[in-house]
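Visitor: Could you take me through the largest pocket of this protein, and tell me which parts line the pocket? I would like a close look, with the terms explained as we go.

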Amino acid sequence: GVYEGEDGILHWIYQVLAWIINLTVGKIIIYYFMVWFSEPMAWLGGVLFAPLQGNIHFELLFVMIFFPGFLNVIYFWIADSYLQAKSE
């Protein structure tokens, strides 16, 4: 964002509020998606992670490091493209 000038703090506040709203709406959508589709997702998880069942450390590496990291990169990329300053 552009935080220079006398309106700099207002731009920052608007972006923080937009970020909080964006984050909250995203979490609500994910919550309801998980509630409504928990059974199909459990089945799909069982199918996808069946090859990893033999090595618990490898499975934890995917579940705790790779997938969350990848999804955070995508989420921040989308949010940043929404919040970044437009060329004038």
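Guide: Let's begin with a term: helices (H or I, at least four residues) and strands (E, at least two) are DSSP runs, numbered from the N terminus. This is a predicted model, in which local features need pLDDT of at least 70 and side-chain atom pairs count only at pLDDT 80 or more, while totals for chains, interfaces and linings use all residues. Residues are numbered from 1 along each chain as its sequence is written, and side-chain values use heavy atoms, with hydrogens and water left out.

Now to the pocket itself. On a 1 Å grid over the protein atoms alone, a pocket is an open set of points where a 1.4 Å probe fits, with protein on both sides within 12 Å along at least five of seven lines; lining residues have an atom within 4 Å of a point. Rolling a probe the size of a water molecule over the atoms shows where empty space is left. The largest pocket holds about 380 Å³ of space, where a volume is the space filled by probe spheres set on the grid points, joined across faces, edges and corners. Helices H1 and H3 (56–83) each supply at least two residues of its lining, and H3 gives the most, with 7 residues. Among the lining residues are Leu23, Gly26, Lys27, Ile30, Pro68, Tyr75 and Phe76.

Ile30 leads us on to the surface, as this pocket-lining residue also belongs to a nonpolar surface patch of about 1000 Å², together with residues including Tyr31, Trp36 and Met41. Such patches are made of residues with over 30% relative accessible area and no salt bridge, nonpolar side chains (Val, Leu, Ile, Met, Phe, Trp, Tyr) being joined within 5 Å. A salt bridge is a side-chain nitrogen of Lys or Arg within 4 Å of a carboxyl oxygen of Asp or Glu, and accessible areas come from the Shrake-Rupley method with a 1.4 Å probe, only the protein chains shown counting as cover for residues. H1 (residues 8–36) gives the most to this patch, with 8 residues, and Tyr31 is found in H1.

Stepping back, the protein has 3 helices and 0 strands. Its radius of gyration, taken over C-alpha atoms, is 19 Å, well over the 12 Å that the globule rule gives for 88 residues, so the protein is more spread out than a compact globule. That rule is 2.2 Å times the number of residues to the power 0.38. Along its principal axes, the C-alpha trace spans about 60 × 25 × 20 Å.

Key
Patches are made of residues with over 30% relative accessible area and no salt bridge: like charges are joined within 9 Å, nonpolar side chains (Val, Leu, Ile, Met, Phe, Trp, Tyr) within 5 Å.
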